[in-house]
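Subject: Structure handover

Hello,

Here is the structure for you to take over. My notes follow below it.

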Amino acid sequence: MTLLEFQEAIRKGIPQELPSATTIDPTLNRAPYRNHDLTVAEKQLAIRNALRYFDPTHHEILAPEFANELEVFGHIYMHRFRPNYTLKARNIHAYPCKTKQA
């Protein structure tokens, strides 16, 4: 992926249409389960906090997904929105922005 392609992907932000659900490659090394002792109310709050970034029309689909991630992984990762490009450390100048101080 070129620098311009990466910057364009970043500029797109959260898509209006939901990307298709992704499967997780079991052969890749993943972070360990994050233990938590959240109450039911705290789990619901975590899911509501995650959903606030998305159009309410998608909440019915995303809420069960996020709840499942919280139970399976101990954290909400939003795997459906994982980028399709290689994740790696990039120079700060690679990221499109109006002000680098922010």
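Start with Ala67, which lies in helix 3. Bear in mind that this is a predicted model. Ala67 has a relative accessible area of 27%, so it is partly exposed. Its C-alpha is separated by 8.8 Å from that of Ala46, and the two residues are 21 apart along the chain.

**Helix 3**

Helix 3 covers residues 59–73, 15 residues in total. From first C-alpha to last it reaches 20 Å, close to the 21 Å expected at 1.5 Å a residue. Four of its residues are buried: Leu62, Phe66, Glu69 and Leu70. Looking down the axis of helix 3, these buried residues fall within an arc of 100°, so they line one face of the helix. What do the buried residues of helix 3 pack against? They pack against helix 2, residues 40–51. After helix 3 comes Gly74, with a positive phi near 80°.

**Helix 2**

Helix 2 has 12 residues. It reaches 17 Å between its first and last C-alpha, close to the 16 Å expected at 1.5 Å a residue. Ile47, Ala50 and Leu51 are buried here. Seen down the axis of helix 2, they fall within an arc of 100°, so they too line one face of their helix. The cover over the buried residues of helix 2 includes helix 3.

**The core**

Which residues form the largest nonpolar core? There are 8: Ile47, Ala50, Leu51, Phe54, Leu62, Phe66, Leu70 and Ile76. Helix 2 and helix 3 are the elements that give two or more residues to this core. In soluble globular proteins, nonpolar side chains tend to be buried together.

Phe54 is one of the core residues. Beyond its neighbours within four places in sequence, Phe54 is in contact with Ile14, His59, Leu62, Phe66, Met78 and Phe81. Leu62 and Phe66, both on that contact list, are also core members.

**Met78**

Met78 sits in the segment after helix 3. Its phi is positive, about 60°, although Met78 is not a glycine. Most residues other than glycine have a negative phi. Is Met78 buried or partly exposed? Its relative accessibility is 22%, and the cut-off for buried is under 20%, so Met78 counts as partly exposed. Met78 is also among the contacts of Phe54.

**Loop residues**

His58 is placed in the loop between helix 2 and helix 3. Its relative accessibility is 14%, so His58 counts as buried. Leaving aside neighbours within four places in sequence, His58 is in contact with Gln16 and Leu18.

Gly13 and Leu28 both belong to the loop between helix 1 and helix 2. Helix 1 spans residues 3–12. Gly13 has a relative accessible area of 48%, so it is partly exposed. Leu28 is partly exposed as well, with a relative accessible area of 48%.

Two C-alpha distances involve these loop residues. Gly13 and Tyr77 are 64 residues apart in sequence and 16 Å apart in space. Leu28 and Pro64 are 36 residues apart in sequence and 24 Å apart in space.

**The chain as a whole**

How many helices and strands does the chain have? It has 3 helices and 0 strands. From the N terminus on, the order is α-α-α.

The radius of gyration of the chain is 16 Å. A compact globule of 102 residues would come out near 13 Å. Along the principal axes, the C-alpha atoms fill a box of roughly 45 × 35 × 30 Å.

Buried residues are 17% of the 102 residues. The chain exposes about 8100 Å², and carbon and sulfur atoms supply 55% of that area. Of the contacts with a separation of 6 or more, 68% join residues 24 or more positions apart.

**In short**

Helix 3 packs its buried residues against helix 2. Those two helices each give two or more residues to the largest nonpolar core. The radius of gyration is 16 Å, against near 13 Å for a compact globule of 102 residues. Met78 is the non-glycine to look up for its positive phi of about 60°.

Best wishes

Technical notes: Residues are numbered from 1 along each chain as its sequence is written. This is a predicted model: local features need pLDDT of at least 70, side-chain atom pairs count only at pLDDT 80 or more; totals for chains, interfaces and linings use all residues. Side-chain values use heavy atoms; hydrogens and water are left out. The expected span of a helix is 1.5 Å times one less than its number of residues. Buried means under 20% relative accessible area, exposed over 50%, partly exposed in between (1.4 Å probe, protein chains only). The arc is that of the directions from the helix axis to the C-beta atoms. Contact means heavy atoms within 4.5 Å. The radius of gyration is taken over C-alpha atoms; the globule rule is 2.2 Å times the number of residues to the power 0.38. Accessible areas come from the Shrake-Rupley method with a 1.4 Å probe; for residues, only the protein chains shown count as cover. A nonpolar core is a set of buried Ala, Val, Leu, Ile, Met, Phe, Trp, Tyr and Cys residues joined through side-chain atoms within 4.5 Å.
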